[in-house]
Amino acid sequence: MSHLSVHVPLDGGRAYDILIGRGLVDAVGAQAAALGAKAAGIVTDETVAGLYGARVRASLERAGLRCGIIAVPPGEASKSYAGYASVCDGLLALKIERGDLVVALGGGVVGDLAGFAAATLRRGVRFLQVPTTLLAQVDSSVGGKTGINSPHGKNLIGAFHQPRLVLADTATLDTLVEREMRAGYAEVAKYGLINDPGFFDWCEAHWRGIFSGGPERDEAVAICCRAKAGVVVRDEREDGERALLNLGHTFGHALERLTQYDSARLVHGEGVAIGLALAFRFSARLGLCSGQEAGRVANHLAMAGLPTRLQDVPGGSGDAEAMLDAMAQDKKVRDGALTFILARGIGQSFIAPGIGRDDVRAFLQDELR
Ligand code: NAD
Ligand code: MG
């Protein structure tokens, strides 16, 4: 089996590898055994359990591990106190101990939920990420942020807990619905927009191969993981540079909040796509980047089938004031001023603290006209 690999050189014995390639779900057992685990609790959602649960279980059993599957309902609603309790109790019922492994098999919801359960169960058990959505493979499975949502907002309860290994089986993306594929693609394009203009050029030329499952898919996942790993190693706890990964997310998170996290209306990556387009248009409006660059960003996202305007949100995004209020609830707010990730051009993003509400309001009002 040929695969790509990316090393995440964290200190304190926490370094790990990300393996990327087709068929890796069948290697979970051998990898878990190599880590010395005797048992594994597979945490997944019901959809992914039906598609890949049996293969992962068989792989673990072949390698001599005792294992069980805990499946939560698919969707963001499982990243809740109730979902967390059911996963922890499920793992305890399986007698998962400190030397064992939690295997997070699924998208970002499962990765965040299982990772947070692993971070806190018995004060911390090791875990493996086996991401099965494009978003999870290029973003959420790498970097050690885990957590659940509170009624007060997204990801407000969490912990940093790095996985021991990430196995990104790119063949699992063959069963992903087109809409989720596109949503993950917004995060792929984001890496080019942050600091890699050459990668954005490459995306414009090769995005179809990522969708169809050509070698471009593995290559793109590896490039994104390498980029994220680099940022995480330099700024693990988001004291600085890591915030750049939030390009498009201040607007995106506000849109998710305003649509009540209803995935029928908007999924995370769609919010990010609109947020990326808005971040570039806002940057252009502030005279930081050219309108032409902002247009190129929106064109590419739209070409890949992603929404790029507030008007694209089914049922509407609410007015400018509602957007501002939703943004003010973001973690990246300090003393009433908003921190945005803005750009001087494609691949030239930077952290811009202290953006005034009036500038944002005027921009949003024009966007909604
Ligand atoms: P998700 O986990 O809800 O998965 C999307 C849908 O795809 C689900 O219905 C799932 O059942 C289905 N699915 C998953 N894999 C499949 C496959 N291979 N074939 C068919 N269907 C499949 O959503 P997501 O977009 O992967 O993740 C979103 C979550 O990730 C959000 O909660 C977000 O906050 C979180 N996130 C976390 C980080 C981080 O650093 N921890 C970063 C980005 C996003
Ligand atoms: Mg994201």
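This report looks at a helix pair and three loop residues in a predicted model.

On confidence, the protein chain comes with a mean pLDDT of 95, and 98% of its residues reach 70 or more. For the complex, the predictor gives an ipTM of 0.99 and a pTM of 0.95.

**The helix pair**

Let's start with α6 and α7. Two packed helices are described by the angle between their axes and the distance between the axes. Here helix α6 spans residues 178-195 and helix α7 spans residues 197-212; their axes come within 8 Å and cross at roughly 160 degrees. Angles over 145 degrees count as roughly antiparallel, so that is the label for how α6 and α7 run relative to each other. As for handedness, the α6 and α7 crossing is right-handed.

Who makes the contact? From α6 come Met181, Tyr185, Val188, Ala189, Tyr191, Gly192 and Leu193. On the α7 side, the residues are Pro197, Phe199, Phe200, Cys203, Trp207, Ile210 and Phe211. Sorted by character, the residues of this α6 with α7 contact come out as 13 nonpolar, one polar and no charged.

**Two loop residues with positive phi**

Next up are Lys95 and Arg122. Phi of Lys95 is positive, in a residue other than glycine, and Arg122 is likewise a non-glycine residue with a positive phi. Here are the values and the loops they sit in.

| Residue | Phi | Loop between |
|---|---|---|
| Lys95 | near 60 degrees | α3 (81-93) and β5 (101-106) |
| Arg122 | near 50 degrees | α4 (108-120) and β6 (126-131) |

Is Lys95 buried or exposed? Lys95 has 11 other C-beta atoms within 10 Å, and 12 or fewer makes a residue exposed, so Lys95 is exposed. Arg122 has 13 C-beta neighbours inside 10 Å and therefore counts as partly exposed.

**Ala63 and its surroundings**

Finally, there's Ala63, which lies in the loop between α2 (46-62) and β4 (66-72). How many C-beta neighbours does Ala63 have inside 10 Å? The count is 18, and because a residue needs 20 or more to be buried, Ala63 goes down as partly exposed.

Leaving aside residues up to four places away in sequence, Ala63 touches Gly29, Ala30, Ala32 and Ala33. Lys38 is another residue to look at from here: Ala63 and Lys38 are 25 residues apart in sequence, and their C-alpha atoms are 9.5 Å apart in space.

Notes
Residues are numbered from 1 along each chain as its sequence is written. Chains are lettered from A and ligands numbered from 1 in the order in which they are written. This is a predicted model: local features need pLDDT of at least 70, side-chain atom pairs count only at pLDDT 80 or more; totals for chains, interfaces and linings use all residues. Helices (H or I, at least four residues) and strands (E, at least two) are DSSP runs, numbered from the N terminus. Two residues are in contact if their C-beta atoms, placed from the backbone, lie within 7 Å. Axes are lines fitted to C-alpha atoms, for helices over the stretch in contact, and angles run from 0 to 180 degrees between N-to-C directions. Angles under 35 degrees count as roughly parallel, over 145 as roughly antiparallel, 65 to 115 as roughly perpendicular and the rest as oblique. A crossing is left-handed if the near helix is turned anticlockwise from the far one by less than a right angle, and right-handed if clockwise. Ala, Val, Leu, Ile, Met, Phe, Trp, Tyr, Cys and Pro count as nonpolar, Asp, Glu, Lys and Arg as charged, and the others, Gly among them, as polar. pLDDT is the predictor's confidence in each residue, from 0 to 100.
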